[in-house]
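Here is my note on the model you asked me to look over, set out as numbered points. Please keep the sequence and the 3D view open beside it as you read.

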Amino acid sequence: MTSAPPRSDSALCRVAVVDATTAEAALAAGAQALAVTGIVPPGRFAELRARWPDRTIHLALDGPEDPGLDGGLVERPDGLLLRDARSGRDVVALGARLAVCEAVQGLPDGACTILAAIRHPLGLIDARSFVGASPRLAGLGLDGHVPGDGPAGDQARCLVRLAAAAADVPAFELV
């Protein structure tokens, strides 16, 4: 459960955000990493992993306090996608909560990684706070809703790539 999206030196990695019913289609279309939203039927991650063992499957959460973590960890995702991360403090808070959930599930501490996706401009302004926030941080990226296209979007992608490089984790973009 310590997988991260594949590194890419030339472009941002892409993580497909899907619900449990469209996950298989996304994998069949070539997605290397998934973030599954909503309620996950029991055994769904195991089914997907059996058919595509080389792909990573993450559980998408809307924040550090998202109640979906409690039931979602039963499915043994490769990691968690923290959507709308506004600073490294969100990663720290989710990591602390995750440690408790792992203990309850009988998993080793640190078994599950975190991908932090920045959506809000505050996350971009405070992108350096993700550096050193948690050893669980396995990737830093944009959630696809870049604050503006053109120069603003380019600058946002550059800030995230720089922060990811400083944190020594891959950069990604949600699609």
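1. Is Val74, at 46% relative accessibility, buried, partly exposed or exposed? Bear in mind that this is a predicted model. Buried means under 20% relative accessible area and exposed means over 50%, so Val74, at 46%, counts as partly exposed. Val74 lies in the loop between H3 and E4, and its C-alpha atom is 9.9 Å from that of Val40, a residue 34 positions away in sequence.

2. The overall plan can be read from the order of the elements. The protein has six helices and seven strands, and from the N terminus on they follow the pattern β-α-β-α-β-α-β-α-β-α-β-α-β. The radius of gyration is 15 Å, close to the 16 Å that the globule rule gives for 175 residues, so the protein is as compact as a globular protein of that length.

3. Some totals describe the chain as a whole. Along the principal axes, the C-alpha atoms fill a box of roughly 45 × 35 × 25 Å, and buried residues make up 50% of the 175 residues. Among contacts between residues at least 6 apart in sequence, 62% join residues that are at least 24 apart. The protein exposes about 8,100 Å², of which carbon and sulfur atoms supply 56%.

4. The strand pairs deserve a look one by one, beginning at the N-terminal end. Strand E1 (residues 13–19) is joined to E2 by four bridges, and the two strands run parallel; within this pair, Val17 has Ala35 in E2 as its bridge partner. E2 itself is mostly covered, since four of its five residues are buried.

5. Strand E6 (residues 137–142) has partners in both E5 and E7. With strand E5 (residues 113–118), E6 pairs in the parallel sense over five bridges, and here Leu115 stands opposite Gly139 in E6. With strand E7 (residues 171–174), E6 shares three bridges, and these two strands also run parallel, with Leu142 standing opposite Glu173 in E7. E6 is mostly covered, as six of its six residues are buried.

6. Which residues of helix H2 (residues 44–51) are buried? They are Arg44, Phe45 and Leu48. Because they cover an arc of only 95° around the axis, these residues are on the same side of H2. The buried residues of H2 pack against helix H1 (23–28), strand E2 (33–37) and strand E3 (56–61), and E2 is the strand described above as mostly covered.

7. Helix H4 (88–105) offers a check on length that you can follow by yourself. At 1.5 Å a residue, the 18 residues of H4 should span 26 Å, and the C-alpha atoms at its ends are 25 Å apart, which agrees. The buried residues of H4 are Gly88, Asp90, Val91, Leu94, Gly95, Arg97, Leu98, Cys101 and Glu102, and what covers them includes E3, H3, E4, E5 and E6.

8. Three backbone angles should be inspected with care. Arg76 is found in the loop between helix H3 (68–72) and strand E4 (79–82), and its phi is near 55°, a positive value in a residue other than glycine. With a relative accessible area of 31%, Arg76 is partly exposed. Asp84, found in the loop between E4 and helix H4, has a positive phi of about 60° although it is not a glycine. The third angle belongs to Gly106, which follows H4 and has a positive phi near 75°.

9. A final point concerns Leu122, which lies in helix H5 (residues 121–125). At 46% relative accessibility, Leu122 counts as partly exposed. Which distance separates Leu122 and Ser87 in space, C-alpha to C-alpha? The two residues are 35 positions apart in sequence, and their C-alpha atoms are 7.7 Å apart.

Conventions. Residues are numbered from 1 along each chain as its sequence is written. This is a predicted model: local features need pLDDT of at least 70, side-chain atom pairs count only at pLDDT 80 or more; totals for chains, interfaces and linings use all residues. Side-chain values use heavy atoms; hydrogens and water are left out. Buried means under 20% relative accessible area, exposed over 50%, partly exposed in between (1.4 Å probe, protein chains only). The arc is that of the directions from the helix axis to the C-beta atoms. Contact means heavy atoms within 4.5 Å. Two strands pair if DSSP finds at least two bridges between them. The radius of gyration is taken over C-alpha atoms; the globule rule is 2.2 Å times the number of residues to the power 0.38. Accessible areas come from the Shrake-Rupley method with a 1.4 Å probe; for residues, only the protein chains shown count as cover. The expected span of a helix is 1.5 Å times one less than its number of residues.
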